[in-house]
Every structure is written in C-alpha cells, then in structure tokens.
Amino acid sequence: MKQIPYEYKNLPIPGGGYVTGFLYHRKQRDVLYARTDIGGTYRFDAEKRRWISLIPHVTMEDLSETFPIAMALDDNNPAMLYIACGINKNQSGVLAVSEDFGEHFRYEKIPVMVYGNLNGRGTGERLVVDRDSSDWLFYASQQEGLWVTDNRGRSWRRLTALKEQYLAFAAQAGSALVVSTAGVTSMDREKNMRGHSLYVSYDKGETFVPLAEPQGSVIEGCRLNGLVAQRCAVDGRYLYVTFASTGRRSYVLENGYSCDSGDTIDGRVVRYEIGADGRICEAYRDITPVAASRASGTGLAGIAAGEPLDFGFSGIDVSAQTAGMLVCTTIVKDDGDSVFRSYDYGESWQQVLYDLQDGEMTFRAPYMRPECNGGHSLIHWLSDIKVNPFDDNEAWFNSGTGVFCTRNLKDKEKCSFTDWCDGIEETVHLNVYSMPKGAVQVIDILGDLGGFAFTELDKPCGNSFADENGNRYITCINADFSDENPDVLVVTPRGNWTGKTKGGLILSRDQGRTFMRLAMPFGLSAELDRALENIERPNVNSGWVAMSPDCKNIVWSVADGIDLPVSRLIASHDMGVSFSRCKIYALDGTQKTEGDIKVFSDRKNSTLFYAFGEHSDFYVSRDGGRTFYEHMLPEDFPKVHFGQIDCANKTEVRGETGKQGVFYMALGESGLWKLEYNSDTDVIKTTRLSREGDLVFRMGLGLLSPESDYYKENKAVYLNGCIDGIYGFYRTLDEGKSYERLNTDRQMYGEVNSIDGDCRVFGRFYLATGSNGVKYGEQIAEL
C-alpha cells in the first residue's frame, strides 16, 4: 500500500474545553504540564510560549490517554512523567509512564476504573510519587479507594486502612500523606450528610487518622451536604486546603463535589501548621478570603456573616520565592469566579481578578470576548491555579474553556490576565462539512461552543454560532445545507446555560455567519410539546435535521436525549415557517409509531428524503418528507443502529453531491458501504466497498483529482479505520479497490467523530476529533 506524506494542522478555535489541572516540576525550570478532561495531556514549551499535545499517537482503538485524571512528577528526575488515565472500564485504568517529558510512553495497568471525564475531575492530583522513594506511587482512585505501587506501576495493592472508596486527591505534606475523600462510604444517608473528608498517614498509608476540618452545613435546597477537600498546597510552614460542598443545582450527588457537577456551595479555605517533626498540627485556622474581607469591612455585597457562601473554593497555590504569598480561587460563583492573593499566609486577601471589575482580563481568542458572552467574562470552573516556582509573577489558571496566564501576579495596582491556549485544541467536534462553494470553507459543528463557519483555515472565527445580539448557541448536533445554494444552512443547537439563547432550529442565509431562530412548532402533539418545551431549557439536545436542495423542505428529528424517536419526526415545506407531523409506514403498511430514525436529504432532488432506523430499516419519502415508506434492504446489508445523534451513533452517512439517491456509509466493524436508490424503478442497491475484516469508522467525500468537477464527477473517499489490520487515515480513488495511507503512527489524534474531504482542493480533508480539535490534512509537496 502506498503511503503519502501528509501534514496536519488545526483550524484554530483555540482552547474551548475544560482543562482540569496543572503541574509544575518543583526543581526544574520550565517543566509545566496541563491535563484536560477529554483532550489528553499537554506540555508547555516556555521558549515558544506554546502548548504541545502529548496524544498525537493515540488511536480510536484505545482512547485511554485522551481522558487523564491525574499527573505526577518525580522530584529527583525531571524527565519522568506519570499519567493516570482511562475510559471508564471496570478494573482497567492505565498508567502512562514517560522518561522523556512525554515524548514516548510505556503503559502499565491500574486495576481500578479510571475515567478522566467523570464528575469530580476538577479536584487535585490523585497520583503522587513518594519523595523518599521514586519507585513508590500512591493513587487516590475515583471510586475504589487508595492504591500503591512500589515498582512504578508494574503491580499495585490496595491500602485498606482507608475505608473510604470515593477519593478526591492525594498529596505529601511534611512527613504526612494527605488524602481527600468525598465522604461517601461513611455518609449519613438519613441526614444526606457526607462523612469526613481529610485523612493523614505517617506510615505510607498503612494506617490513617482523620484530620480536623470545618463542619459542613445543612443547607436548604441541597440534596447532599458536607464539605469535600478540593485541593491543597504546601509551603515550609503550612498546609493549605480548599473546600466546597455539593450545590443546590448539582445534577450528580456522590461525585458532585467539584465544579463539574454544575454547582458548589459553602466554600472554605483553611490552614494547618506543619511541625518541626513534619507532622500536621490537628488544629486549623479558617482563612477563607470572604471571611477575611468581612473583617476589614470590604466584604462581597449580599453575603451576611455566618451564612454559607453561595460558591466553593478550589484552586490554591503558594510562592516558592516569596514567603507568605499564596493565591486561591472560587468555583461556580454565579457572577464570575474570583482569584485572591495573600502576602501573609492567608491572614488577609486581595481580590486580584473578578469578572471584568477587578484586575484586567483581555481575550485573544475572538469567541471569548465579553461581547460574545453577554457582556461578561466567560471564566467558569476555575478549579486550579499554579504559581511558577521560579517566577512568582507568573501564574496559570484553568477554566471550562481553556487556560489563562498572568505575568504580573505581584503587581500592586492591577494584575493582568489573558487566555493563552496556543496549541491547545480541546473541543469535541461532532460533524464537519466542506462547503462546495462560497466564502465559507468549512462548517464545524462541535460541543459546548456550538459551531464555527471558517472562511480561512488558519485564522480563528470572529464568533461561534450566535443570535443577533452575539449570544452563543452551544453544542450543535448537525447541520444541513443546499449544495445548489450553500448560503442557506440549518442547524440543531442547544440553548446556552444563561438562557439567553434557546435550542431548536436556527437558519442562516449567509453560510453560518448570522442566524435566525425558527419558531417552535407547538401544537402538533402533546409529546412534541413536552419535547419542545424541554429543548428550550438550557443545554438540551435539539435533534437532527435535513434540508432539501431548494431549501424549502426541512425534516427535523426532534431528540429525546440521544435518541431520535419516530413519533417526533416533523417536516416543513415553507423553509421552517410551519411544521406538520410526518407519517412513517412499515413494510406491512401499518403506521410506525415506535423506534428511532435519522433523516437525510437527497443532494439533488428536493422531493426525496431518506431515513435510517435502529435495525437498518430504511425509509424513502417522495413527497418532501410528508410520508416515509419502508423499503427492504438487500439481505447482505449489516444490521446497524442509525437512530441516534452522532455523538452516540458511531456511524457516518454522506450523500453524494450532484447525484440522486447515492449515499456512502462508514459502519465500523461492517466496513464501508455504498447505497444507491433509483427513484424511477424504486429499487435499492447496496455494495460493500471495503474488504471483509476491514474496519471503517468515519468517512467523507472529496474532490477526485485536481481537474475534476465536484458536482459532476465521482468522488474520492477519505476514511479512518483498520485496512489490512493497520489503523490509520486512508483515501481511495476507486471505491475501495485500492487505498493510500495518509498518516504516520504519530498522526493519529485520538477520537475521530467525523471526516469530510475538501470539495475544492484535491488531497485536502478534515477531521472532526473528540480529543484534538478539528484538523485538516494536506499532502506534503515533493521537492
């Protein structure tokens, strides 16, 4: 098989996702790492001021490294990096071990479930290298207690002295091993109160004693109470710990102790003295910044003394250069998270960042600007902050949408922060579409940020999909457009968390640069009314949409979570002004009312629509989507579940531009298929294009040659999968008779959710990844 040299670049977002923590090496300058929830681990190149992804080698065959939950460094060997990661499998975590700053890894098994995208991922590091012996590592698991290895991960044993199962972090302070628990095992379920959180051990985890901590409050409206230690920091004198409790709006309970549960409350910051013998003194001092502010008469408005704070505290760090200097952060503060700074070990604090009021916040990424976020800072989930141990003017903090940096942390007048996500592409991209003509080159559909319309491949867009006031829609599921008139685009977004935008259908007449929201078609049925009301709530899936080439007919599968029920299929024949319920008939002529189906438009004939069901049942509409009739597919066509949204349904279906009734399908283990429907004879033909045993996960269609006409001629098929047993990205110019490989083993990029070939440039294709942003690949020109 021929291999063609390719280079890959990102269509820049940048940032976009939840970066869950940072880790500096304490003794080696310029060693800094960041972990993310779904995008792997990054190393910072201090000279180039750019983040470098450590997962370009990760394939869809094992995505463990894209979900890191913890990192650890060896004080005695700066090149060593340990990453605990995993994909939520029982007794099947992974310890990735690097001896060269993350350039290469070996892998050991962690015998518990590990998942970097589980609630609770915003807390401190769960993995720690013993400072006395580099062979020893402790791992505070998410739900299965405390574990230790004495041979760098080759074997593990459970430390049973700590009875708690749900843990939040582990750290060394003086001679102590400090472990935070979520207090689930010892929970008082009658009172909905967590058990104790902080424990210490002075014998490498063989025995534990509880460490005194603030008393949690019973708070009206909270389904679960009790404080959980979030993170800690240590200087020469003290151990500092932040706390938070599960908030009123938290959508999870046992794991709902960090900002990623949706809400926290009753935040505290406390300080413990470390004795000369390295033991932690039992008594603590409450140094919560808001309490300190109250005492000086400069408290935050609306917070009365003695009442629990309406937010938690999480990030905390100390200066290695300036004695007494420390910083901490709030989490899930409704009006914007804050950064506090102290020069006296937490006795007094100054708020150095808050929304757009205190401190200075500038935004380099266009979509982060206040005018795109309701006039406010978009900072949220600020769960970690780290001070450079060699330059305490520099600090980094995280957020739910990238990382931020200051280089004047000690400025007395105004600290200046800015996003610095160069190299970080951590958004989940669900679908990607190359536009056949027009100023827009690519339509990018993604989670959280919604969508982007790229006019230039190497320049960030001015904003994601938004309403006329600049308020963003979030998490679009798919888009459809007319090949004849690609200025017209219809999209299925969620409404954003603020409620300033609502889910449903949005329509653009300028290739996704501006949108209008279509009126919700209430009154069609009680079930649909309930579904549409739910979709108008924040962050609810809208469904799946298809639009005819003349732009008049729009068929919408209204979602039920990830499912696309038959009973919720509706159609418009006036460009979304009005809708009616579709009728779907089974082979026996009965009307189908149960099951799931996903709809697609014909790319040439405006009266034809198609629907694929949950058991490879296939339906055709010849009247613009009003009625669908089931057609039997050939017996050799595999049984596949098509009836879910794309983030759940692991297939990809593409209609061929310029041709009527032609679809290409990536069906995973069943390979690559082509479906042809002849509307004159009502006959369906299916052809398996890949060989038996070949796996095809995603596919897209591109220009066949530099001279070909995309509208009139056959297409190149781009795909990812296992061809001849080797995973990679491939191209076939002859419908599967031969393949060319388009990547190396260091060009894998983790999870791939969608692929499309470029309609205008031969050889270019796009990857919508769930781990590494949206990328495009191009052949490297031969010298």
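**Salt bridges and a buried serine**

Trainee: Which exposure class does Lys-410 fall into?
Mentor: Lys-410 has a relative accessible area of 27%. Buried means under 20%, and exposed means over 50%. The value of 27% lies in between, so in this predicted model Lys-410 is partly exposed.

Trainee: Which residue forms a salt bridge with Lys-410?
Mentor: Look for a carboxyl oxygen within 4 Å of the Lys nitrogen. The closest N and O atoms of the pair are 3.2 Å apart. The partner of Lys-410 is Asp-392.

Trainee: How many residues apart are Asp-392 and Lys-410?
Mentor: Asp-392 sits in the loop between E28 and E29. Lys-410 sits in the loop between strand E30 (402–406) and strand E31 (416–419). The pair links distant parts of the chain, and the separation is 18 residues.

Trainee: Is Asp-392 buried or exposed?
Mentor: Its relative accessible area is 4%. The limit for buried is under 20%. Asp-392 is therefore buried.

Trainee: How many salt bridges does a search of the whole structure find?
Mentor: Side chains of opposite charge can pair when their charged atoms come close. Arg-764 and Asp-758 are one such pair, with closest N and O atoms 3.4 Å apart. Both of these residues are buried. Over the whole structure, the search gives 42.

Trainee: Which residue meets Glu-394 in a salt bridge?
Mentor: The N to O distance is 3.1 Å. Glu-394 is buried, and its partner is buried too. That partner is Arg-49.

Trainee: How far apart in sequence are the parts that Glu-394 and Arg-49 tie together?
Mentor: The two side chains meet in a salt bridge. Glu-394 lies in the loop between strand E28 (385–387) and strand E29 (395–399), and Arg-49 in the loop between strand E5 (41–45) and strand E6 (50–53), so the parts tied together are apart by 345 residues.

Trainee: Which residues are linked with Asp-75 in a network of salt bridges?
Mentor: Asp-75 can supply a carboxyl oxygen, so look for Lys or Arg partners. The network holds Asp-75 together with Arg-26 and Arg-131.

Trainee: What is the relative accessible area of Ser-754?
Mentor: Ser-754 lies in strand E56 (residues 752–757). Beyond its sequence neighbours, its contacts include Leu-430, Val-432, Tyr-766 and Leu-767. Ser-754 is buried, and the value is 0%.

Trainee: With which side chain does the side chain of Ser-754 make a polar contact at 2.6 Å?
Mentor: Ser-754 makes a polar contact with the side chain of Arg-654 at 3.1 Å. The 2.6 Å contact has another partner, Glu-652.

Methods: Residues are numbered from 1 along each chain as its sequence is written. This is a predicted model: local features need pLDDT of at least 70, side-chain atom pairs count only at pLDDT 80 or more; totals for chains, interfaces and linings use all residues. Side-chain values use heavy atoms; hydrogens and water are left out. Helices (H or I, at least four residues) and strands (E, at least two) are DSSP runs, numbered from the N terminus. Buried means under 20% relative accessible area, exposed over 50%, partly exposed in between (1.4 Å probe, protein chains only). A polar contact is a pair of N or O atoms within 3.5 Å; within protein, one must be able to donate a hydrogen and the other to accept it, and residues adjacent in sequence count only if both atoms are side-chain atoms. Contact means heavy atoms within 4.5 Å. Lists of a residue's contacts leave out its neighbours within four places in sequence.
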